[in-house]
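Let's take a friendly walk through a structure together. Keep the picture open beside the text and look up each part as it comes along.

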Amino acid sequence: MSIDVKDRQKTFKAASLMGPRSGLPTVVDSDGEKITRIRPMYYEDYANWESLNPYKIIAKGKEFTPPKKSLPAVYYLSYKKRVYSNNRVKWPLKRVDWNLEGERNPQNRGKSKYERISWDEATDIIAKETMRIKEKYGMSAVLAEADMHGEGKHVAPSHGCMNRLLALLGGYTVQMRNEDSWEGWYWGSKHVWGGEPVGQPQPSGNVWPDIAKHADTLLFWAADPEVTAAGFEGYVPSKLSYWLHSLGQKFIFIDPALNFTGVNQADKWIPVLPNTDAALGLAICYVWLTEGCYDKEYVKTHVVGAEPFFDYVLGKTEDGIPKTPKWASEKTSVPSYTIKALARHWAKNVTSLTIGNGGPGIRGPYSHEHCRIQSILLSMQGLAKPGRHLAKWLEWALMSKDYAMPFQGIEEMNIPHRAELVRPAGALFDEDMIKEMNKRGMSDVGAIDAEEMVRRLTEKDFGFAEVLSMSDAQKKVGRLVEITNPIPTPPAQAVPKCMVHDAILNDEIEWYGLYSFCGPVKEQWDKFKFPEKNCSRIHMIWTDSPCMVTCWNDGYNFVKALQSDEIEFVVAQHPWLENDCYLADLILPVQTKFEMEDICDDATSGGITSVFHEMAACPPVGESLNDFDCVAEVARKIGHDIYMRYTANETTSADCVDLFWQGSGVAHLDTEDSFKNKGIFFVPCKPDMQETIPPGYRPFADDPENNPLKTPTGKLEFTSTGLQKHFPDDKERPPYPIWIEKGEFHDESLSSERAKDYPLLCMSNHGRWRFHANLDDITWHREIETMKIRGKDGYQYEPAWLNTKTAAELGIQHGDIVKVYNERGVVLCGAYVTERVVPQTVYVDHGARFDPIDPLWLDRGGAVNLITPHAISSKNATGMVVSGFLVAVEKVMDEEMGAWMKKYPEAFARKVDPDCGVCLDGWLV
Amino acid sequence: MAKAFVIDVALCSGCYCCQVACKDEHCGNDWSPYAKPQPDTGQFWLKICEKPDGTIPKVRVTYTPKLCNHCERPACIAACGKEAIKKRDDGLVLIDPEICTGCGKCMDACPYESIYKNEDSKLCQKCTGCAHLLDSGYNEPRCTEVCPTGAFQFGDESELADLIKGADVLKPETGIGPKVYYRNIPGQFIAGTLFDPIEDEIIEYARVMAVSGGKIINVLSDDFGDFWLRDLAVGAWDITITKEGYEHKHFYNLRTDECVNLGDIALDRKA
């Protein structure tokens, strides 16, 4: 017997949850109307395996080779539910009490519902409003929020198609994303070891094979490859960690929670109170100094400024406190004998430290101090000697000419995309990075022609937005210039994403060092302000794939800012009605990438790199258009000339795919027309990569004089010469790193006075079953017990992890509805009582969807970023703080819930799907 | 030749890909006459069961995928009064949705609780081994195909013989010949950390001996002072901790119905 298994149409798709250049190919079956299933791709169906030179890491008698099929993360396999979610925006929506000609009711943003309108009406409104704002305040009154955490697409990308249109209308205001994945390394470690542009070791090529061959121990310091790597790479990192463990490497997890990798791979779990890791690091250093068990010779030849830091650790400086294991034990809750054991184990065994862009390194108050101390510890044991690295489980190809895993292709590829990340005039770049990016055409970080760049660096006031983000290969395809770069004027000014609320609510703001994403260290010395001279304050916001309330700092304050009557119009474009969409006056329905044609590259999975053609897997849902066409429809209303320039004379998606392939950098290798005939071209692995590319900072380790780092002295700087020169009196980021229990900007320790009212530390990380604020609506995930907790009222609450002991002290039982709160507001969660988290802590992942009861202070969805601290990382470091902050947790009693229901009957009456949660129907009138 | 599943529990990362891929295949897709759609939520033709053990910081989680065991002598077939359940030549057991009346007798009979009652379609339903795909030329069901670590495999029992050797089945006492084999199901553990409270140091190389009935297990504490007595049978264990220069320490009659973390144990120096 055999039946129609509905696989006659097969298309390739990557979910690409972390923007362009992320993701791996899957095969999507459909019957032409509806997606049937999503499966791994078997590479041998499309190419001869041996001809791809699959890499082989050999260590301790065992081999690691890339899988012969893609290993999609669970999110990919459930994406059908995302496409057909009942939370999709199906048609243009307008907030019922926002009227173009009448009352705008900004105070009702986040409260009032929506009505369906036509595309014609919607685009009319946006075109008229944009031109009215331009006329009244100038284009700088329009803020474009377009910077990641949505789907990665190329032909019609999320994240910035509106940039193209706004730039055609004149210099607007660009929201400059803070370095949300790398805050601590960016603002901290960069001052120890350079590591331009993000502050993590650079170069980082070939480090994993070196670790496999030489390391005895891997420290997972807030690293969870099962979670944070999955959205980028799929599950090759998972396979890699199982393999490394099978070699006999000892896996030690330092983490407030036993994370999803640790649950069955940890040889040792050291629970630590959230964001006290800097104290732990200092005590490790103390043990090494007092017992002499560090690489003194290496420090002598490779380090400057060690003495002042060592004096601080030993208590010989002003504070007079030796940073002993006993001292650290009180702060971290780790027994002092365990701290000593850890320090000695690290000193005795060849150890690499592994990270996953999570934890205190990016998310805590003063994250730069923890990261600097981490860098110093690695340096004290001979950084980049065999098996001694800082290695990442993800972003293996990030801004490095060489990959951390040996899946690098024989030639570098990069697919252009039609929404450049633009920077305001005067933004700086690291010149080497530019040269590198230019070679690769790394359009997602705004690469440009290197010579042109240097010229413009010397002609100060020239805007960069105009210049071309073209690799050499791309420049050969003439029309690409026209298609990808129509921008005649750069944005007039920038606002740091982590300070957008301040920019709206304050007269003016100032900050240091964030005027371009991934800027060079020298940008950190410069002060910027908003509004710029001759520029306007913000009166209109155009946002795509928005997630400020669910991923950024002090979300309730962001709501307050958007309810300001200064903000006359907010337009959002997004496939789903979620996150900041409720704050918009008008919402455009966007197709998911499964509904549109595109081209994609896999430079991240760790398997075999490839470029593939993505056809639409199903017809569009509702009246949705792709991101590019949403903006094009507005451009059409503004005027024919603008429309033709925006669309580069109506270039079609199919044309773009063809041109982007020609400009991919690898088209010339495809002698058998595989891309055209089979829809995918695999780039063979560089065969001699492991022999020819030194691992990470090895050249520096071998010969520091001739291979200097990108620090001012070329050496590892335990005391930063740059910080000493520019911020000698900064108490929160002094020249050498310190423990800050309480500072001018943050007071988030258990020893604080505030802890009397808010006695728990809240930790937050990437969710296991979401990617940032994506995928919270997948019913098949929401029934997994660590994804949601169904309360006694039937609502699926976001889990708040509490240690058994802490829960008992609070009188809370597993499954209780609880409120997690502080001065900034209340977020409702479901208690998840477990032994997997340290006491005195509550752990709530970020990214649960906002379900406002009162949008200024009470949320039922569990979007914990609503109550994250307002202040930036520290006085002169413009990052965000979204973990390691004080809260209280209490059981919600029936009387209190009843009172809320009485006070907010409309919010509680909104339809919520029992299995999907908040949904479109709940927000329609 | 009978088909079988083999699951290496030690390699299961708990990613839930198998559970979700099963839903991707069977929710909203009608594969009659093999099966009608699986309900979107609440039922699991393949279910990951996760079990946490121990207390902080000696904790682990074990993930065990559970599904229809496609038994050699299925209890469900015997229980069904309508002859709706059939065993195919390849050993897969299918409930025919055309014949099933949803009476639920098979559910009661299945010792593995792998059959669900679909209240919408009034059918009893369960894993089909993705027989509709196998019959269309696919090599394996969705659940095993998506397993990233290779923990979950499917094939002819004879081809999997090496993996099946020494593997366990769930509830072997039923004697109905289940065809889902589990490798490396972990036993219980007793663990702890040894330290010297005066010196404020961990104690390495202490001998920890566990005795239960005639069984004796010895381990040494490691450089964190940790000891792990793993893969213990459920029962009552006596523990003796010895280290030169320290008083012996005993724990008697420790029950291992649950895993035991003895916590941080101070050893006293001999006078």
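## Two helices side by side

In chain A, the axes of α10(A) and α13(A) come within 9 Å and cross at roughly 165°. An angle over 145 degrees counts as roughly antiparallel, and α10(A) and α13(A) are therefore roughly antiparallel to each other. Bear in mind as you look that this is a predicted model.

The crossing of α10(A) past α13(A) is left-handed. Which residues meet there? On the α10(A) side they are A:A279, A:L280, A:L282, A:A283, A:Y286 and A:V287, and on the α13(A) side they are A:P325, A:W327, A:A328, A:K331 and A:T332. Sorted by class, this contact has nine nonpolar residues, one polar residue and one charged residue.

Helix α13 of chain A covers residues 325-332, and its buried residues are A:P325, A:A328, A:S329, A:K331 and A:T332. Here a general idea helps: an α-helix has 3.6 residues a turn, so residues three or four places apart point the same way. Among the elements that cover the buried residues of α13(A) are α10 (277-291) and α14 (336-348) of chain A. After α13(A) comes A:S333, with a positive phi near 75°.

## An enclosed helix

Now find helix α8 of chain A, at residues 236-246. Is it largely enclosed or not? Eight of its 11 residues are buried, so α8 is largely enclosed by the rest of the structure. The buried residues of α8(A) are A:V236, A:P237, A:S238, A:K239, A:L240, A:S241, A:Y242 and A:L244. They pack against β5 (62-64), α6 (207-214), β10 (217-221), α7 (230-233) and α9 (262-265) of chain A. Just after α8(A), A:G248 has a positive phi of about 100°.

## A cysteine in a loop

Further along chain A, the loop between β18 (527-530) and β19 (540-544) holds A:C535. This cysteine counts as partly exposed because it has 19 C-beta neighbours inside 10 Å; a residue would need 20 or more to be buried. Leaving aside residues up to four places away in sequence, A:C535 touches A:S140, A:A492 and A:Q493. A:M139 is 396 residues from A:C535 along the chain, yet their C-alpha atoms are separated by 8.6 Å.

## How the chains meet

Next, turn to the contact between the chains. How many residues does each chain bring? Chain B gives 42 residues and chain A gives 45 residues. On the chain B side, α1 (17-26), β2, β3 (58-67), α4 (131-134) and β11 (201-202) each supply at least two residues. The most comes from α1(B), with six residues. By class, the side of chain B that touches chain A has 18 nonpolar, 11 polar and 13 charged residues.

## The two domains of chain B

The domain assignment splits chain B into domain 1 (3-183) and domain 2 (188-266). Their C-alpha centres lie 39 Å apart. Four residues of domain 1 of chain B are in contact with four residues of domain 2 of chain B. On the domain 1 side, strand β2 of chain B (residues 46-55) gives the most, with three residues. That side of domain 1 has no nonpolar residues, two polar residues and two charged residues.

## Backbone details to look up

Most residues other than glycine have a negative phi, and most peptide bonds are trans. The table collects places where the backbone does something else.

| Place | Backbone value |
|---|---|
| B:S32 to B:P33 | cis peptide bond, omega near 5° |
| B:I56 to B:P57 | cis peptide bond, omega about 0° |
| A:N649 | positive phi, near 55° |
| B:D200 | positive phi, about 55° |

Where do these places sit? B:P33 is in the loop between α1 and β2 of chain B, while B:P57 is in the loop between β2 and β3 of chain B. A:N649 belongs to the loop between α25 (640-646) and α26 (653-662) of chain A. The loop between β10 (188-196) and β11 of chain B contains B:D200.

Are A:N649 and B:D200 buried or exposed? A:N649 is exposed, with 11 other C-beta atoms within 10 Å. B:D200 has 14 other C-beta atoms within 10 Å and is partly exposed.

Technical notes: Residues are numbered from 1 along each chain as its sequence is written. Chains are lettered from A and ligands numbered from 1 in the order in which they are written. This is a predicted model: local features need pLDDT of at least 70, side-chain atom pairs count only at pLDDT 80 or more; totals for chains, interfaces and linings use all residues. Domain bounds come from an automatic or database domain assignment. Two residues are in contact if their C-beta atoms, placed from the backbone, lie within 7 Å. Helices (H or I, at least four residues) and strands (E, at least two) are DSSP runs, numbered from the N terminus. Ala, Val, Leu, Ile, Met, Phe, Trp, Tyr, Cys and Pro count as nonpolar, Asp, Glu, Lys and Arg as charged, and the others, Gly among them, as polar. A residue is buried if 20 or more other C-beta atoms lie within 10 Å of its own, exposed if 12 or fewer, and partly exposed in between; C-beta atoms are placed from the backbone. Axes are lines fitted to C-alpha atoms, for helices over the stretch in contact, and angles run from 0 to 180 degrees between N-to-C directions. Angles under 35 degrees count as roughly parallel, over 145 as roughly antiparallel, 65 to 115 as roughly perpendicular and the rest as oblique. A crossing is left-handed if the near helix is turned anticlockwise from the far one by less than a right angle, and right-handed if clockwise.
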